[in-house]
Amino acid sequence: MMEKPQIIAHIQKNLNYTLFDAKWVPRSARFVVVGSHARGTGALQVYELCQGEVKLLKETEKHSAFKCGTFGASAIQQRYFATGDFNGKLAIWNLESPDIPVYSADAHKEIINCIDGVGGLGVGEGAPEIVTGSRDGSVKVWDPRQKDIAVANMEPADGEQKRDCWSVAFGHSYTQEERCICAGYDNGDLKMFDLRTMSVKWETNLKNGICSVEFDRKDIMMNKLVATTLESKFHVFDLRTHHPSKGYASLVEKAHKSTVWCVKHMPQNRDVFMTAGGNGTLNLWKYSYPAKRSKQDTDGLDVGVMGSVSLVQNASLSTQPIHSFDWSPDKEGLAVCTSFDQSLRVLFVTKLNRM
């Protein structure tokens with residue numbers, strides 16, 4: 001039993017506001033937490049791990065509640081933090097002096113549910129870009145060097161029903177030209193946009209609202225994608241082989257006996273990932289590749305072959321949903337998560353180097 005990785009809740013801190021997201025500050029022992037005060041204003045706090053405790057370094061209250069954040073488009077020297085709020089505003093903050101944003105845009109007409117970045121932190125090629133997804137049905141890409149105007153906008157055509165976009169992720173950013181976005185919607189639509197050709201590269205429907213999507217790595221040729229949904233399911237797609245009619249090979253796994261709120265791949269091992277559940281549990285998974293990743297069908301076309309996932313460990317931490325989770329990019333096994341019991345937890349996952 002002890003040979004398996006263990007999920008250890010190291011620190012738990014209860015706060016006086018609703019937490020929506022937490023992210024590690026790269027190259028540091030600090031993390032940022034964002035959320036909403038009861039009066040609807042935005043909470044942004046920076047904490048530091050210090051001798052087995054978390055110490056509050058900075059806090060600020062803003063006009064509108066924060067829903068999500070990312071460091072993904074920032075230079076490692078600056079480590080600016082990009083946020084999406086309930087009023088549809090995208091803002092980028094210097095956490096050393098978070099009084100006025102260094103960049104802001106009225107990005108969406110409604111709440112920004114999800115955000116991701118690439119091209120910063122030495123991850124991915126090309127421009128430092130941020131993608132936002134909103135209840136207004138649109139997914140937009142922003143370059144902070146360009147004021148006010150999105151560099152790409154994927155939205156429903158006139159007359160089409162607007163679907164609530166719950167999750168966005170960058171991937172395939174392995175050259176200056178190549179880059180993809182995956183977006184998951186409340187009706188189960190999963191869409192992949194190719195930013196080089198500005199077109200929908202692939203789409204499918206998972207039959208349940210998609211809470212979280214993530215490529216296993218942003219800065220390589222598309223390899224795998226995990227999408228988590230309502231109704232206790234997550235889907236893993238092998239993105240190396242696309243068949244004209246069958247699409248990508250995939251598998252479905254049941255987990256958490258409730259909504260699977262989010263997925264995060266380990267920065268140090270792309271085949272290990274954590275899912276967070278509506279029943280307050282965390283599940284640690286390992287993906288195993290098949291002997292051959294593709295085979296030929298009767299027409300001589302390549303079709304993907306799926307591997308398998310196994311549950312390595314699980315832990316029950318809360319009576320409320322765990323809805324955000326982030327691995328430290330620097331220290332293997334260190335993580336932070338937030339839940340709807342207004343608590344943040346700093347975790348250690350042991351023995352990951354044996355996987």
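# A predicted chain: burial, ring pairs and charge pairs

Visitor: In which strand does A335 lie?

Guide: A335 belongs to a strand that spans residues 334-339. This is a predicted model, in which local features need pLDDT of at least 70, side-chain atom pairs count only at pLDDT 80 or more, and totals for chains, interfaces and linings use all residues. Residues are numbered from 1 along each chain as its sequence is written, and side-chain values use heavy atoms, with hydrogens and water left out. Helices (H or I, at least four residues) and strands (E, at least two) are DSSP runs numbered from the N terminus, and the strand that holds A335 is β29.

Visitor: Is A335 buried or exposed?

Guide: The classes rest on relative accessible area: buried means under 20%, exposed over 50%, and partly exposed in between (1.4 Å probe, protein chains only). The value for A335 is 0%, so this residue is buried.

Visitor: Which residues is A335 in contact with, leaving aside its neighbours within four places in sequence?

Guide: Contact means heavy atoms within 4.5 Å. One of the partners is R345, which is 10 residues from A335 in sequence and 8.3 Å from it in space, C-alpha to C-alpha. The full set is W24, F325, D326, W327, S328, R345, V346 and L347.

Visitor: How many aromatic pairs does the structure hold?

Guide: Rings of Phe, Tyr and Trp (its six-membered ring) pair if their centres lie within 6.5 Å; planes under 30 degrees apart count as stacked, over 60 as edge-to-face and the rest as tilted. By this rule, the number of aromatic pairs is 13.

Visitor: Is the pair of F71 and F81 tilted, stacked or edge-to-face?

Guide: The ring centres of F71 and F81 are 4.8 Å apart. F71 sits in the loop between β6 (66-70) and β7 (81-85), and F81 sits in strand β7, 10 residues away. Both residues are buried, F71 at 6% relative accessible area and F81 at 1%. The planes of F71 and F81 stand at 45 degrees, so the pair is tilted.

Visitor: How many residues apart in sequence are the parts that W261 and F340 tie together?

Guide: The rings of W261 and F340 have centres 5.5 Å apart and planes at 80 degrees, so this pair is edge-to-face. W261 is partly exposed at 29%, and F340 is partly exposed at 30%. W261 lies in strand β22 (residues 260-266) and F340 in the loop between β29 and β30 (343-349), so the separation in sequence is 79 residues.

Visitor: Which residues do ring pairs link into a cluster with W261 and F340?

Guide: The cluster is built from ring pairs and contains W261 and F340. Its further members are F20 and F86.

Visitor: Over the ring of which residue does the charged end of K147 sit?

Guide: A charge sits over a ring if NZ of Lys or CZ of Arg is within 6 Å of the ring centre and within 35 degrees of the ring normal. The charged end of R179 sits over the ring of F170, 5.7 Å from its centre. For K147, the charged end is 5.0 Å from the centre of the ring of Y103.

Visitor: What backbone nitrogen lies 3.0 Å from a polar atom of the side chain of N94?

Guide: N94 is placed in the loop between β8 (89-93) and β9 (103-106), and its relative accessibility is 18%, so it counts as buried. Not counting residues up to four places away in sequence, N94 touches Y80 and V102. The backbone nitrogen at 3.0 Å from its side chain is that of E96.

Visitor: How many salt bridges are there?

Guide: Side chains of opposite charge can pair when their charged atoms come close. A salt bridge is a side-chain nitrogen of Lys or Arg within 4 Å of a carboxyl oxygen of Asp or Glu. One of them joins K23 and D21 (3.0 Å, N to O). The count comes to 17.

Visitor: Which residue meets R293 in a salt bridge?

Guide: The N to O distance in this salt bridge is 3.1 Å. R293 lies in the loop between β24 (281-288) and β25 (294-296) and its partner in strand β20 (residues 233-243), so the pair ties together parts 55 residues apart in sequence. R293 is partly exposed at 22%, whereas the partner is buried at 1%. That partner is D238.

Conventions. Polar contact = N/O pair within 3.5 Å; in protein donor to acceptor, adjacent residues only side chain to side chain.
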